[in-house]
Amino acid sequence: NVNGTQTAATKGVDFLGGGGGGGGTRFGAGAAAAGGCGVVIFRYEIAADPTEKLSATVSSGSAVRTTEDDDEILIVREDATVSFDKDGAVDVLLVGGGGAGGNRSGGGGGGGGFVYETSFPVVGGMMYDLQVGAGGVAPTGTGVAVGGDGGDSTAFGLVAKGGGGGGSYSAGRPGGSGGGAGGNVADGAREYQGGLGVAGQGYAGGVSTNISNFYTYGGGGGG
């Protein structure tokens, strides 16, 4: 607001691909926040006949294992290599890294794209390289700067796109979900569009709103 009291931008939530918050106007802190990293999750049945059930091995990187009902869930939070002891099928969820917000009347970063496949076939003994998308890097300083895009998450040839960075005196960047458009206090009559999202993975970012040179708002990142 005009008195310079503003809430600091918030980092996107890790392992959910959350977009980072955009920076404030010229009356307050203009620094944006980084996006949250993505995740890759597998789910497969373990309660079948012991000679039939599937088992996964993580040979590099790390993962968190948990069970629910008759299924094991493998949550991969960093780049890793995974193999399975036999042919089978898994449900797989990928979320890309979230985009960072834009500085200075900046738009919010877009959320990471979301891909979900059921009964995806896996081959026993094959090594699968998994990539978990990093969160977009926030701009340095408080001047005009667009937020960094989130990284892609990949597994089995599937790709969840990283979220688009938030705009700063500019349109938001495209991504899994698009970054929000940045406001423009130098030209209060000008509004920008949010970045486009990937069809089936996310949504477009919000448009900016400029009431006057003193009141300008960045758009929210797409989710």
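This is a selection-by-selection tour of a predicted model, from the whole chain to its two sheets, one buried serine and a pocket.

**Whole chain**

Start with the full chain, coloured by secondary structure. The chain has twelve strands and zero helices, so the order of elements from the N terminus is β throughout, β-β-β-β-β-β-β-β-β-β-β-β. Of its 223 residues, 46% count as buried. Among the contacts with a separation of 6 or more, 61% are between residues 24 or more positions apart.

**The five-stranded sheet**

Select strands 3, 4, 1, 6 and 7. In that order they form an open sheet with antiparallel pairing. Which strands stand at the edges? They are strand 3 (63-68) and strand 7 (114-122); each has a single partner strand, so one side of each is left without a neighbour in the sheet. Ignoring direction, neighbouring strands here are turned by 20 degrees against each other on average.

Now go through some of the pairs in this sheet.

- Select strand 3 with strand 4 (residues 71-76). Six bridges join the two, which run antiparallel. Glu 68 stands opposite Asp 71 of strand 4.
- Keep strand 4 and add strand 1 (39-45). Strands 1 and 4 pair in the antiparallel sense over six bridges. Show Tyr 44, whose bridge partner in strand 4 is Glu 72.
- Drop strand 4 and add strand 6 (88-95). Strands 1 and 6 are also antiparallel, with five bridges between them. Here Arg 43 stands opposite Asp 91 in strand 6.

**The three-stranded sheet**

Select strands 2, 5 and 8. This open sheet has the order 2-5-8, again with antiparallel pairing. Strand 2 (56-60) and strand 8 (128-130) are at the edges, each with a single partner strand, so each has one side without a neighbour in the sheet. The average turn between neighbouring strands of this sheet is 35 degrees, direction ignored.

Narrow the selection to strand 2 and strand 5 (residues 80-84). Four bridges join this antiparallel pair. At one of the paired positions, Ala 56 stands opposite Phe 84 in strand 5.

**Ser 83**

Stay in strand 5 and select Ser 83, which lies in this strand. Is Ser 83 buried or exposed? Its relative accessibility is 13%, and because the cut-off for buried is under 20%, Ser 83 counts as buried. Show what surrounds this serine: leaving out residues up to four places away in sequence, Ser 83 touches Ser 55, Ala 56, Thr 57, Met 126 and Met 127. Ala 56 in this list is the residue already seen opposite Phe 84.

**The second largest pocket**

Return to strands 1 and 6, and display the second largest pocket. Its volume is about 220 Å³. How many residues line the second largest pocket? There are 14, and those nearest the centre are Tyr 44, Glu 45, Leu 54, Ala 89 and Val 90. Tyr 44 was met above as the bridge partner of Glu 72.

Colour the lining by strand. Strand 1 and strand 6 each supply at least two residues of the lining. The largest share, four residues, comes from strand 6.

Finally, colour the lining by residue class. It divides into seven charged, five nonpolar and two polar residues. Glu 45, one of the residues nearest the centre, belongs to the charged class, whereas Leu 54, Ala 89 and Val 90, also nearest the centre, are nonpolar.

Definitions and conventions:
Residues are numbered from 1 along each chain as its sequence is written. This is a predicted model: local features need pLDDT of at least 70, side-chain atom pairs count only at pLDDT 80 or more; totals for chains, interfaces and linings use all residues. Side-chain values use heavy atoms; hydrogens and water are left out. On a 1 Å grid over the protein atoms alone, a cavity is a set of points where a 1.4 Å probe fits but cannot get out, and a pocket is an open set with protein on both sides within 12 Å along at least five of seven lines; lining residues have an atom within 4 Å of a point. Grid points are joined across faces, edges and corners, and a volume is the space filled by probe spheres set on the points. Two strands pair if DSSP finds at least two bridges between them. Axes are lines fitted to C-alpha atoms, for helices over the stretch in contact, and angles run from 0 to 180 degrees between N-to-C directions. Buried means under 20% relative accessible area, exposed over 50%, partly exposed in between (1.4 Å probe, protein chains only). Contact means heavy atoms within 4.5 Å.
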